[in-house]
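Student: I'd like to learn how to read a structure like this one. Could we go through it together, one feature at a time?

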Number of protein chains: 2
Amino acid sequence: MPKETFFNLPQEKQHRILDISLEEFYNHGYEKASISRIVETAGIAKGSFYQYFEGKEDLFGFIAQVAREKQLVYASKLLESGSDLPFFQLLEVLLKGSLAFMKENPRLSAVIEGFMKSSDATLKEIIMGESIKISDQFNQQFLAEAAAKNEIRPVLNIAFTAHALTSLSQSMVEYLRSQNIEMSSMDDQAFDEMVKEMLIFLKYGLSGPV
Amino acid sequence: MPKETFFNLPQEKQHRILDISLEEFYNHGYEKASISRIVETAGIAKGSFYQYFEGKEDLFGFIAQVAREKQLVYASKLLESGSDLPFFQLLEVLLKGSLAFMKENPRLSAVIEGFMKSSDATLKEIIMGESIKISDQFNQQFLAEAAAKNEIRPVLNIAFTAHALTSLSQSMVEYLRSQNIEMSSMDDQAFDEMVKEMLIFLKYGLSGPV
DNA sequence: TCGTCATATGACTCTATAGTCACATTGTAA
DNA sequence: TTACAATGTGACTATAGAGTCATATGACGA
């Protein structure tokens with residue numbers, strides 16, 4: 001957690017530091033992200049940085065936390081707004097939402113994604129220990145409720161299925177990224193098709209509606 | 001690619017260097033893996049290392065390549081041996097195979113996995129540009145053939161579905177890892193149950209057999 | 001035995017990092 | 001205006017990394 005001095009800073013300065021840090025992590029990944037570069041770009045002294053944060057891990061942890069909160073709030077709102085919808089329609093709303101979030105917060109989602117996947121053990125604990133757990137829990141509850149209402153078949157291993165759902169959501173994003181599709185320039189129709197395919201897959205699997 | 005001098009080395013020395021390097025990458029990830037530590041542990045001089053390899057990236061690229069080849073050979077054999085089986089049975093064989101490979105080559109698969117997920121752009125090119133592509137292609141062909149034989153529904157976007165399949169396979173492994181289940185100590189029954197769940201999911205999706 | 005060529009060596013250079021600290025500046029309250 | 005605490009500063013330390021290079025070793029053919 002940042003120190004009090006950081007939160008005493010004018011909002012504008014706080015945001016500038018966080019934005020620049022986010023950009024740095026986005027461009028270089030956690031390991032290669034450089035505090036020296038961050039303070040230089042942000043136009044603050046090295047010493048000041050260490051008056052705001054404990055260190056690199058503290059800074060990153062905070063950015064990750066903010067990102068997770070944003071994402072969770074976003075998803076929860078969608079969930080609320082569509083709580084009356086049948087499962088698969090709600091799922092559609094959520095999938096579209098996760099893409100929309102990514103479109104609106106490209107660096108934020110990329111950094112989280114990137115670090116969910118960091119090979120560094122420490123980082124895995126910071127992020128994977130949180131982001132994936134949160135996503136899995138979210139999905140687990142989601143699945144449990146749907147199963148209770150008989151909207152989906154009773155799932156044998158709900159923890160695993162929830163995790164699979166997390167992975168698939170990510171996979172969707174990864175796929176788009178691998179296609180070198182510029183998120184911001186991607187039209188809604190392409191999004192819709194992707195989501196449609198995904199939904200059919202989730203709903204009927206590979207065998208298809210009988 | 002390693003230099004000729006590396007391949008001129010006695011097999012035992014080659015293996016020792018590669019094993020120790022693999023261990024280093026496994027323990028520290030690419031970024032933090034240290035050439036200095038590797039040469040120290042392997043009992044060779046820094047200079048010698050640079051007579052064998054162009055540098056760190058070269059070393060890692062080679063290890064990754066060997067790992068991919070092993071994995072591909074393994075999967076191809078399974079594919080061959082079960083080529084007469086119906087799609088979903090073959091899928092079962094492949095999924096079990098990927099877990100078995102992981103069980104037999106824990107470090108190898110962990111390193112590949114870890115780096116498929118590295119946040120570092122260079123690494124993503126080395127690995128993701130290869131491993132994931134290879135896995136996706138493999139799955140794409142696999143799906144195309146099954147679709148041609150009407151064993152699965154015609155897939156709208158085969159590239160994406162192939163990628164989703166890649167992700168799910170990984171997800172299975174990730175899940176096991178996250179449960180802190182010691183791969184080597186895991187009994188075959190637990191494996192079977194995991195695979196069973198996965199297969200139902202792939203086959204029927206969440207809606208279940210109608 | 002000698003000469004030569006591939007290979008082995010490790011001290012060294014160069015670069016970059018995270019983090020520190022003695023001192024400077026600023027804002028505010030008396 | 002003064003005093004004092006909070007905040008800002010950047011040169012500096014300590015550390016560690018990748019990669020180099022002049023020199024040493026050893027194997028092998030003549």
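Student: Which element gives the most to the surface near DNA strand C?

Tutor: That's α4(B), with five residues. A residue is near a strand if one of its heavy atoms lies within 4 Å of it. Helices (H or I, at least four residues) and strands (E, at least two) are DSSP runs, numbered from the N terminus. Before we go on, this is a predicted model: local features need pLDDT of at least 70, side-chain atom pairs count only at pLDDT 80 or more, and totals for chains, interfaces and linings use all residues. Residues are numbered from 1 along each chain as its sequence is written, chains are lettered from A and ligands numbered from 1 in the order in which they are written, and side-chain values use heavy atoms, with hydrogens and water left out.

Student: Which residues around DNA strand C come nearest?

Tutor: There are 21 residues around that strand, and B:T5, B:G47, B:S48, B:Q51 and B:Y52 come nearest. On the DNA side, sugar or phosphate holds 52% of the strand C atoms within 4 Å of the protein, and bases hold the rest.

Student: How do I read a polar contact here?

Tutor: Look for a pair of N or O atoms within 3.5 Å; within protein, one must be able to donate a hydrogen and the other to accept it, and residues adjacent in sequence count only if both atoms are side-chain atoms. For DNA strand C, a polar side-chain atom of B:Y52 is 2.8 Å from a phosphate oxygen. Chain A takes part as well: a polar backbone atom of A:I35 sits 3.1 Å from a phosphate oxygen of strand C. The elements giving two or more residues to this surface are α3 (35–42) and α4 of chain A, plus α1 (4–8) and α4 of chain B.

Student: What classes of residue make up that surface near DNA strand C?

Tutor: Here Ala, Val, Leu, Ile, Met, Phe, Trp, Tyr, Cys and Pro count as nonpolar, Asp, Glu, Lys and Arg as charged, and the others, Gly among them, as polar. Near strand C you'll find seven nonpolar, nine polar and five charged residues.

Student: And how many residues surround DNA strand D?

Tutor: 20 residues do, and the closest are A:G47, A:S48, A:Q51, A:Y52 and B:Y50. Of the strand D atoms that come within 4 Å of the protein, sugar and phosphate account for 51%. Here α4(A) gives the most, with five residues. By class, this surface has six nonpolar, nine polar and five charged residues.

Student: Which polar contacts reach the bases of strand D?

Tutor: Among them, a polar backbone atom of A:G47 is 3.1 Å from a base oxygen, and a polar side-chain atom of B:K46 is 3.0 Å from a base oxygen. There's a phosphate contact too: an N or O atom in the side chain of A:K13 lies 3.4 Å from a phosphate oxygen of strand D.

Student: How are the two protein chains related?

Tutor: The idea is to superpose the copies by least squares on the C-alpha atoms of residues with pLDDT of at least 70 in both. Chain A can be laid on chain B with an RMSD of 0.1 Å by a turn of 180° and a shift of 0.0 Å along the axis. The two copies are therefore related as by a two-fold rotation axis. In chain A, the residue closest to that axis is A:G205, its C-alpha 1.9 Å away.

Student: How many helices and strands are there in chain A?

Tutor: 10 helices and zero strands. Of its 210 residues, 49% are buried; buried means under 20% relative accessible area, exposed over 50%, and partly exposed in between (1.4 Å probe, protein chains only).

Student: Is B:T161 buried or exposed?

Tutor: B:T161 is buried, with a relative accessible area of 3%. You'll find B:T161 in helix α9 (residues 158–178) of chain B. A polar atom of its side chain lies 2.9 Å from the backbone oxygen of B:N157. Leaving aside neighbours within four places in sequence, B:T161 is in contact (heavy atoms within 4.5 Å) with A:E197, A:F201, A:L206, B:L143 and B:V155.
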